[in-house]
Amino acid sequence: MQAIPPLAPAVIVNCAAMTAVDRCESEQEAAYRVNAAGPHNLALAARRCGAALLHVSTDYVFDGSKGGPYDELDPPNPLSVYGRSKLGGEERVREILPEHFVVRTGYVFGSGRDHLTRSLDRLRRGEEAGGITDRIGSPTYVVHLAERLLPLIRTGRFGTYHLAGSEAAPWFDVLRRARDIAGLAGSITPQSAVDLGLPAPRPANSARSGRAPVTAARKVLMVSAYPPRRCGVGSYAKASVERMREEGDHVVVLSPPDGEGDVRVPFGRGRPFLRAARMGPGFDLVQVQYQPSLYDRPGLSPSKVLTALSLLWLVRKRKQTEIVVHEAGRPKWWRPDHFLLHRVFARARLAFHTDAERRHLEKDWRVRTRFRLIDHAGGVRIATRLAREEARDRLSIGDHEILFLCAGFLHPDKAFERAVRAFPGPPGARLVVLGSVRDGEPGNARYARSLRDLCERTPGVALIEG
Ligand SMILES: NC(=O)c1ccc[n+]([C@@H]2O[C@H](COP(=O)([O-])OP(=O)(O)OC[C@H]3O[C@@H](n4cnc5c(N)ncnc54)[C@H](OP(=O)(O)O)[C@@H]3O)[C@@H](O)[C@H]2O)c1
């Protein structure tokens, strides 16, 4: 504790522990000294010098009785001295230092001294290796785990995290798969945890799910509008990029010049897609946030044909392209750009936020798509999580007041005027229309003006623009 403050670190990463799980049973005092008092001292030292502390902990803080994988909100209940001493370390870190990350991992392999590596060495020599069949965990490659730590620290979002591989399995299955892939000669003997007769009890299930599974970091090229440009898709892209970076992905953003992307090109005449196609070979994923008006102005123009042609070129040239469809509009079949877009939708990998959106696009554009559904919340950053009462209080909404809310762009296809005309609702109810004009083309500007008038004239209705 004395040694650290003069070094004035910004962050301390604590990987030290007494990890001999069985020895901890017979050397309890040493286990608590290293695994609980050690992090306690580090937290005090960090507090003294204004550093953050990332403390590595374990899946053995759980008892294994849960039916599924453990997440960060599950209550711990360790079975062994090792688990209890590690939990003690976690608790002390949390108590002493708000600026902490407690990272729980487990079933770590790849360091050279771990169970899996040693067993594979035996199989490589044609010997026999034992694999437990009745205990499962989330095998985690140590390099992937290490790659996650710095991005996590950079987020500054302190708290407890489960960082674990994405697939749960017993060691027996992992060994068998590794042996088959590598074509090793040795044999694997199935073992039961009870038969081993180890002094320390271990959880039968320590599989973990967490905010971010630990897999290889991807290189992602994101093509999108981006803040400070005022744009819903841009804000969505920013939150998605932050989440990907938190998960350890390396993300490069290609934005128009008025957005703070890492690479900036004017969005028009297909230029962002041509640039993405050129940059594509260095990336595992090229993700395009698609909404027609981001890439061109309304109406038919030669520029639109170039845009659609370039997008088709991108999806053909770079198979790792995925288009996240925010809006696609309806086709007019006589338009050459729509003819080309039809080919894009038929060919590309698409992502939708709801299956209804996917069905509409398939019906309108008469295509069968290759798609996946993605969680809309992945692109939303919840700044402060508030309880309902607290949120009502902050927004001055009375306990029993009924509030109707229409939120979205103030464009004709949202039909907010229908909700306003349907008012007044029940006595004491209010209707708030909350939105902004995304692109100020004449039709949208006219619609926003008439909606303003209508809201002003209608009792109980307010329009908030922002
Ligand atoms: N490996 C896994 O599957 C796994 C699973 C869950 C959690 N974890 C956690 O991950 C972290 C790292 O584990 P690991 O697998 O890398 O364990 P490890 O190989 O046993 O490494 C632990 C390190 O801590 C050091 N150490 C022990 N007592 C110390 C002390 N009093 N002062 C300073 N250093 C001390 C050891 O140094 P010496 O070598 O000099 O003794 C060793 O370098 C631990 O917090 C562990 O609880 C690991």
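**Close-up views of a predicted model**

**View 1. Arg366 sits in the loop between helix H13 (355-365) and strand E18 (370-373).** Everything shown in this and the other views belongs to a predicted model. Arg366 is not a glycine, yet its phi is positive, at about 50°. Most residues other than glycine have a negative phi. Arg366 counts as exposed because 14 would be too many for that class and the residue has just 12 C-beta neighbours inside 10 Å, with the limit set at 12 or fewer.**View 2. Ala415 is another loop residue, placed between strand E19 (403-409) and helix H15 (416-422).** The phi of Ala415 is near 55°, a positive value in a residue other than glycine. How many C-beta neighbours does Ala415 have inside 10 Å? There are 12 of them, so Ala415 counts as exposed.

**View 3. Here Pro227 and Pro228 are joined by a cis peptide bond.** The omega angle of this bond is about 15°. Most peptide bonds are trans. Pro228 belongs to the loop that runs between strand E12 (219-223) and helix H8 (232-246).

**View 4. This view shows the surroundings of the ligand, a shell of 16 residues.** The closest are Ala16, Ala17, Thr19, Thr58 and Val108. Which elements supply at least two residues each to the shell? Helix H2 (28-49) and strand E2 (52-58) both do. Sorted by class, the shell holds 8 nonpolar, 5 polar and 3 charged residues.

**View 5. Ala20 lies in the loop that links strand E1 (11-14) to helix H1 (21-26).** Is Ala20 exposed, partly exposed or buried? With 14 C-beta neighbours inside 10 Å, Ala20 counts as partly exposed. To set this view in the whole chain, take Pro442, which is 422 residues away from Ala20 along the chain. The C-alpha atoms of Ala20 and Pro442 are separated by 71 Å.

**View 6. Cys49 is part of helix H2.** Cys49 has 14 C-beta neighbours inside 10 Å and so counts as partly exposed. Which residues does Cys49 contact, leaving aside its neighbours within four places in sequence? They are Ile4, Pro5, Ala8 and Pro9. Asn14 is 35 residues from Cys49 along the chain, and their C-alpha atoms are separated by 16 Å.

**View 7. Glu91 is found in helix H3 (residues 81-96).** Its 15 C-beta neighbours inside 10 Å are why Glu91 counts as partly exposed. Glu91 and Pro39 are 52 residues apart in sequence, while their C-alpha atoms are 9.5 Å apart in space.

**View 8. Three strands make an open sheet in the order E9-E6-E11.** The pairing in this sheet is mixed. Strand E9 (169-170) and strand E11 (205-206) stand at the edges with a single partner strand each, so one side of each has no neighbour in the sheet. Strand E6 (residues 136-137) and E11 run parallel and are joined by 2 bridges. Which residue of E11 is the bridge partner of Gly137? Look for Ser206.

**View 9. The largest nonpolar core contains 43 residues.** Those with the most contacts inside this core are Leu221, Met222, Ala276, Ile323, Val325 and Leu350. Ala276 is a good place to start looking. Apart from neighbours within four places in sequence, Ala276 is in contact with Leu221, Val223, Leu254, Val286 and Leu314. A second, separate core has 33 residues, including Val102, Ala164, Phe172 and Leu184. In soluble globular proteins, nonpolar side chains tend to be buried together.

**View 10. Domain 2 (219-379) and domain 3 (388-465) are shown together, with domain 1 (5-206) completing the division of the chain.** The C-alpha centres of domain 2 and domain 3 lie 30 Å apart. Their contact takes 4 residues from domain 2 and 4 residues from domain 3. On the side of domain 2 that touches domain 3, 2 residues are nonpolar, 2 are polar and none is charged.

**View 11. Finally, the whole chain, with 16 helices and 21 strands, gives the setting for the close-ups.** Along the principal axes, its C-alpha atoms fill a box of roughly 80 × 55 × 45 Å. Of the 466 residues, 35% are buried. Among contacts between residues at least 6 apart in sequence, 76% join residues at least 24 apart.

Technical notes: Residues numbered from 1 in each chain as written. Predicted model: local features only at pLDDT ≥ 70, side-chain atom pairs only at ≥ 80, totals over all residues. Core = buried A, V, L, I, M, F, W, Y, C linked by C-beta atoms within 7 Å. Buried ≥ 20, exposed ≤ 12 C-beta atoms within 10 Å, placed from the backbone. Contact = placed C-beta atoms within 7 Å. Helix = DSSP H or I, 4+ residues; strand = E, 2+ residues; numbered from the N terminus. Domains from an automatic or database assignment. Nonpolar A, V, L, I, M, F, W, Y, C, P; charged D, E, K, R; others polar. Pairing = 2+ DSSP bridges. Near = placed C-beta within 6 Å.
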